[in-house]
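Thanks for coming, everyone. I'd like to walk you through one model today, starting with a sheet and ending with how the chains relate. Let me put it on the screen.

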Protein chains: 2
Amino acid sequence: MKYLHTMIRIHDIDKSLDFYCNKLGLKEQRRYDSDTGRYTLIFLAADGNKSALLELTYNWDPESYNEGRNFGHIAYEVENIYLSCQKLCDAGVTINRPPRDGYMAFIRSPDNISIELLQAGSALKPAEPWASMPNTGHW
Amino acid sequence: MKYLHTMIRIHDIDKSLDFYCNKLGLKEQRRYDSDTGRYTLIFLAADGNKSALLELTYNWDPESYNEGRNFGHIAYEVENIYLSCQKLCDAGVTINRPPRDGYMAFIRSPDNISIELLQAGSALKPAEPWASMPNTGHW
């Protein structure tokens, strides 16, 4: 038995790939278009474990995707949480929970999926602007 | 960058571990209790990729966990989808989408998290009772 993927639904392929690939750093592994089912599946992965996938489901006919509380978040380890958060900030992504502790941050996808970033190894030394940055919204 | 886990919230530790471990086949990897935060985190994994975790969050103070549409499901590959589904059925778990095609099934956790089971390799030859088993509810 083996973990394959977590599937989330997206409203906009371009916005989602810009967020997950250009800004967050995942890479597209494969894609499947179903003309009969009228959906597109896009599988993404982080370099460190390419068999653990994030599946984006894009339904061609518009649907509304609300947020529930039984699902929490998806977590990725990053090599330097300050550099990752700076790259996200520079690209216009809100850091909902800044890494004040040098260890943990939370952001949101365009479809309000909560994403946790965790520093690999030990926490970094607290540093500005992160150490004094307040939370924004919830995650 | 590396995938670490998907976090879901649970109402009942015993019921959840019975479902995820005894019935589905995941194994507990580690556990963390926070007296100050009043929560317990339990990390589970399937044998095939133990670094890809499922994080169960149990908040000690009761909360309601509704289901949203932006999150879809968590998927695991299984060695024999008929044997997995039979074991789940025998343990009282509803197979919401039976593996009529010998390839794909869906079940629900006690907290309504949708879980996809996919046959490793190619689809098995269609076989009863699965081939003629109707869907139950949604997933």
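Quick bit of vocabulary before we start: when I say two strands pair, I mean that DSSP finds at least two bridges between them. And keep in mind that this is a predicted model.

So, take β6(A) and β7(A), the latter covering residues 114-119 of chain A: they pair in the antiparallel sense, over five bridges. If you want a spot to zoom in on, A105(A) sits opposite L117(A) in β7(A).

Now zoom out. That pair belongs to an open sheet of seven strands with mixed pairing, and the order goes β6(A)-β7(A)-β5(A)-β1(B)-β4(B)-β3(B)-β2(B). Which strands stand at the edges? They are β6 of chain A, residues 104-108, and β2 of chain B, residues 27-34; each has a single partner strand, so one side of each has no neighbour in the sheet. From one strand to the next, the twist averages 25°.

Over on chain B, helix α1, residues 13-23, lies across β1, β2, β3 and β4 of that chain. The helix runs at about 5° to β3(B).

Last thing, the two chains. Rotate by 180°, with 0.0 Å of shift along the axis, and chain A superposes on chain B with an RMSD of 0.0 Å. That's the relation of a two-fold axis. Both copies use the same surface: 100% of chain A's contact residues recur in chain B. And which residue of chain A comes closest to the rotation axis? That's G68(A), with its C-alpha at 1.8 Å.

Methods
Residues numbered from 1 in each chain as written. Chains lettered and ligands numbered in written order. Predicted model: local features only at pLDDT ≥ 70, side-chain atom pairs only at ≥ 80, totals over all residues. Helix = DSSP H or I, 4+ residues; strand = E, 2+ residues; numbered from the N terminus. Axes fitted to C-alpha atoms, helices over the stretch in contact; angles between N-to-C directions. Contact = placed C-beta atoms within 7 Å. Least-squares fit on C-alpha atoms with pLDDT ≥ 70 in both.
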